[in-house]
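Dear colleague,

Here is the structure I said I would pass on. My notes on it follow below.

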Amino acid sequence: SRIIGTKHNETICKPEDLLSLLPKLFEAYGEPFADSSSIPSLLLNKTTKPQVTVVLSGDGGDESFFGYNHFEWSKIFDYFFSIPYFLRKTLAFLIPYKILGKRALAVKNIFKFKTFDNFIESVFIGFSSFLIKRDNTWLKHFDSFRSLSKDKLQKLADLNIKLWLENDSNVKVDRASMAYSVEVRSPFLDYRIIEFARTLPISYRIYGKKRKRILKDILKEYIPETVFETPKMGFGIPLKTWIRNELKDEFIENLNDENLNKIENLNVELIKEYFKKHLSEKEDYSSYLWRVYVLIKWMKLNGESK
């Protein structure tokens, strides 16, 4: 704020804000939208509106310039795919998974993927599931990512834009801002910026562990690197600790047998196990629990019996 001469305002998102904003969440999104960052997004727009109506957002920068953590993970896992498929399948049964905790099933499934394209898809649909039976046939609508580029990281970026950005991130920002009549402008979503980014060499966007490299090289002409060279953080809320503390009673009340059994195809026993382990602080299953919680609250609000 001091360096670029701007006035900054700070608002703290608290557990009670989450509960008070739930009705607004379902009203604004009209579906069981389970990206937990929708809560701080609603609060951000609520507190912004009294001061400004049109705002700028950085949405799209991570997708085109490789800012997300999974771009770095993908470079690491790419080495595994140099191992012949039949050997990887064998390794999937030999690794001592217990030492990996909740990541065990995910890592095991990664070893069993036939191609790197399968890995890319799983970045967005998850490496493991709490459904009894999983149907991923809807993914065929996004198959174009396989042929738009030969580079694996660019393929990941392309699916990031077509699947995640269009159906999660942009929906989140659009609904949260419109709920409070705020107009969001996202320069990185200009089609010319996105098309230009795809022509840049991969090393201009990610170099070693330096993500969004070209953007940071521009930014350091105006702001010292010490200000922005920090670990990547999403616009999330501390669900892990809130579910164990301030929101514990709320989750116990809603994630009961009666409500869980109303959700078709849900592995109820697995979710109950996740909940138990989460409360005992053995593992962090907050993202899974939040999705089920939102669905249950949405079903109650809409009078859905099953």
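A nonpolar core is taken here as a set of buried Ala, Val, Leu, Ile, Met, Phe, Trp, Tyr and Cys residues joined through side-chain atoms within 4.5 Å. Please keep in mind that this is a predicted model. On that definition, the largest nonpolar core has 41 residues, and Leu18, Phe251, Leu289 and Trp290 are the ones with the most contacts inside it. Two or more residues of this core come from each of α1 (15-29), α2 (38-48), α8 (152-178), α13 (239-244), α16 (268-279) and α17 (286-301). The most is given by α17, with nine residues.

Leu18 shows how this core is put together across the sequence. If neighbours within four places in sequence are left aside, Leu18 is in contact with Ile39, Ile237, Leu239, Trp242, Leu247 and Trp290. There is also a second, separate core of 24 residues, with Phe81, Val123, Ile125 and Phe142 among them.

Helix α7 deserves a look of its own. Nine of the ten residues in this helix (residues 116-125) are buried, so α7 is largely enclosed by the rest of the structure. The buried residues are Phe116, Asp117, Phe119, Ile120, Glu121, Ser122, Val123, Phe124 and Ile125; Asp117, Glu121 and Ser122 are thus on the list alongside Val123 and Ile125. The cover over the buried residues of α7 includes α4 (69-77), α6 and α8. Just after the helix, Gly126 has a positive phi of about 100°.

As for the chain as a whole, it contains 17 helices and four strands. A compact globule of 306 residues would have a radius of gyration near 19 Å, and the 21 Å of the chain agrees with this. The C-alpha trace spans about 55 × 55 × 35 Å along its principal axes. Of the 306 residues, 41% count as buried. Among contacts with a separation of 6 or more, 72% are between residues 24 or more positions apart. The exposed area of the chain is about 18,000 Å², of which carbon and sulfur atoms supply 55%.

Finally, on confidence: the mean pLDDT of the chain is 91, and 98% of the residues reach 70 or more. Among the elements, strand β2 (residues 183-185) has the highest mean pLDDT, 97, and helix α6 (residues 104-111) the lowest, 78. Helix α6 is also one of the elements that cover the buried residues of α7.

Regards

Definitions and conventions
Residues are numbered from 1 along each chain as its sequence is written. This is a predicted model: local features need pLDDT of at least 70, side-chain atom pairs count only at pLDDT 80 or more; totals for chains, interfaces and linings use all residues. Side-chain values use heavy atoms; hydrogens and water are left out. pLDDT is the predictor's confidence in each residue, from 0 to 100. Buried means under 20% relative accessible area, exposed over 50%, partly exposed in between (1.4 Å probe, protein chains only). Contact means heavy atoms within 4.5 Å. The radius of gyration is taken over C-alpha atoms; the globule rule is 2.2 Å times the number of residues to the power 0.38. Accessible areas come from the Shrake-Rupley method with a 1.4 Å probe; for residues, only the protein chains shown count as cover.
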